[in-house]
Amino acid sequence: MSAAERGEILRASLFHTPRNPFLDGQGLESHHDGGLLLRSGKIVACGDYGAIQAAHPNVPVGDLRGGFLLPGLIDTHMHFPQLSVLGGLGHELLDWLEHIALPEEARMADEAYAGQTAQGFVRALAEHGTTTALVFGAHFASATASLFEAATASGLRIVSGMVLSDRRLRPELHQSPEAAYGDSTSLIRRFHGQERLLYAVTPRFALSTSEAMLEVCQTLLRENPSVRFQTHLNENRREISEVARLFPWASDYLNVYERFELTGSRSVMAHNVHPSESELQRLAASGTSISHCPGSNAMLGSGIFPLRRHIAAGVKCALGTDVGAGTGFGMLKEGLQAYLVQRLAVNGTLLTPAHLLYLATRAGAVVLGMENEIGDFGPGKSADLVYLRPPQGSALAAVVAQAENMNRILAALFTLAGSESVREVRVEGAVVFRAPEA
Ligand code: GUN
Ligand code: ZN
């Protein structure tokens, strides 16, 4: 019997949210002396170490006490070509695109540079404990292929697609609808469903896509029923008024996408900071998801996300770091930023550690249609996990040592655990990142 078939029990404190804490007060499950039994890349059992060990006495134990196991983090919005523009302070969306993001995105025409960026991007994901990400590719097919290749080599789960635009950006980032159709179709054939990759049809936003381009997206979704869809929605007030001017027939921003059948359960739209009540109702009714990017919304001054209204309307929401308009790759930090912004918002939601963990894990699986595979430690799920251990002498170590309960520890992880606390990351039980021994 191979080691993978015999299995392994990981012994550590652990947390997961098998149920939605926005709907169920008992969403969080935690075990202070926890055991996670893995076999052949899957989770077989999760519970108190004593019980798991007694039921499986012959399975070897990995002693990880002193640290914390969480399901692999799931980031539902980011842009790989923007790795090197993180930290551009002082701009609003349209000005940031023009002066910061798009000049860098144009450099992705250089295949060698795009390949290097893609490798840096997937490395940063793994180092931060993110095991699954929905990612905007580049405006170039070759650069988008580089991301899929780097993703395959990394072992991470990546959902991505070539970014489509035919107006309003810079000419070198535009493609014709015909070329967009041809390139997207070849990329779908080459990468969709291979290893841990999925394809997402990716028009940048309504502002940079003609009706002919949106029709191409509609055709691609019709022809490829299992691909996903991603774009931006209602991020910035100036963007919204420009969209209204460009699509005078549309009742609102969402209606532009609806007209081309781009809403639905496989669609994830980033931001939605300024929705109308009607848009929220229609997002919920169609099963369209929103990626909430609190760091980016603050960086670009886009506004305060109306989380309470989304939840009340029944819109599915998950978290996205929005690299590079956001503040980096850390999904725990992104959870903290959601908490902070909601804390200060008029009519904000008081988020608990359980909400934050759900938003950073299982909610992402739900919006990607992968909740039967990943997102928590339920039996039969893939063994995607992150192992956090506070560095010796750190503030996090001090808080954890004094914490009176597991909720307090989880809150401290969201507040203080950066990539320096990420010790090991696995996808389907296989190590995709291990920190060098300190
Ligand atoms: N809207 C269109 N493109 C972008 C982008 O790259 N980042 C953000 N935050 N919003 C966008
Ligand atoms: Zn974005």
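## Fold and dimensions

The chain contains 17 helices and 16 strands, both taken as DSSP runs numbered from the N terminus (H or I over at least four residues for helices, E over at least two for strands). Its radius of gyration is 21 Å, close to the 22 Å that the globule rule gives for 438 residues, so the chain is as compact as a globular protein of that length. The radius is taken over C-alpha atoms, and the rule is 2.2 Å times the number of residues to the power 0.38. Along the principal axes, the C-alpha trace spans about 65 × 50 × 40 Å.

This is a predicted model, in which local features need pLDDT of at least 70 and side-chain atom pairs count only at pLDDT 80 or more, while totals for chains, interfaces and linings use all residues. Residues are numbered from 1 along each chain as its sequence is written, chains are lettered from A and ligands numbered from 1 in the order in which they are written, and side-chain values use heavy atoms, with hydrogens and water left out.

## Burial, contacts and charge

Of the 438 residues, 60% are buried (under 20% relative accessible area; exposed is over 50%, partly exposed in between; 1.4 Å probe, protein chains only). Among contacts (heavy atoms within 4.5 Å) with a separation of 6 or more, 75% join residues 24 or more positions apart.

The exposed area is about 16400 Å², with carbon and sulfur atoms supplying 51% of it (Shrake-Rupley method, 1.4 Å probe). There are 36 positive and 44 negative side chains, and the centres of the two sets lie 4 Å apart. Lys and Arg count as positive and Asp and Glu as negative, leaving out His and the chain ends; each charge is placed at NZ of Lys, CZ of Arg, CG of Asp or CD of Glu.

## Zinc site

The zinc ion (ligand 2) has three histidine nitrogens as protein donors: NE2 of His77, His79 and His232, at 1.9 to 2.1 Å. Donors are N, O and S atoms within 2.8 Å of the metal (3.2 Å for Na, K and Ca); water is not among the atoms, so sites may look incomplete. The spacing along the chain is H-x1-H-x152-H. His79 lies in strand S5 (residues 73-79) and His232 in strand S10 (residues 228-233), so this pair ties together parts 153 residues apart in sequence. His79 is buried at 3% relative accessible area, and His232 is buried at 6%.

## Two further residues

Phe15 sits in strand S1 (residues 8-16) and is buried, at 0% relative accessibility.

Asn297, in helix H11 (residues 294-299), is also buried, at 2%. Leaving aside residues up to four places away in sequence, Asn297 touches His271, Val273, His292, Ser302, Gly303 and Phe305.
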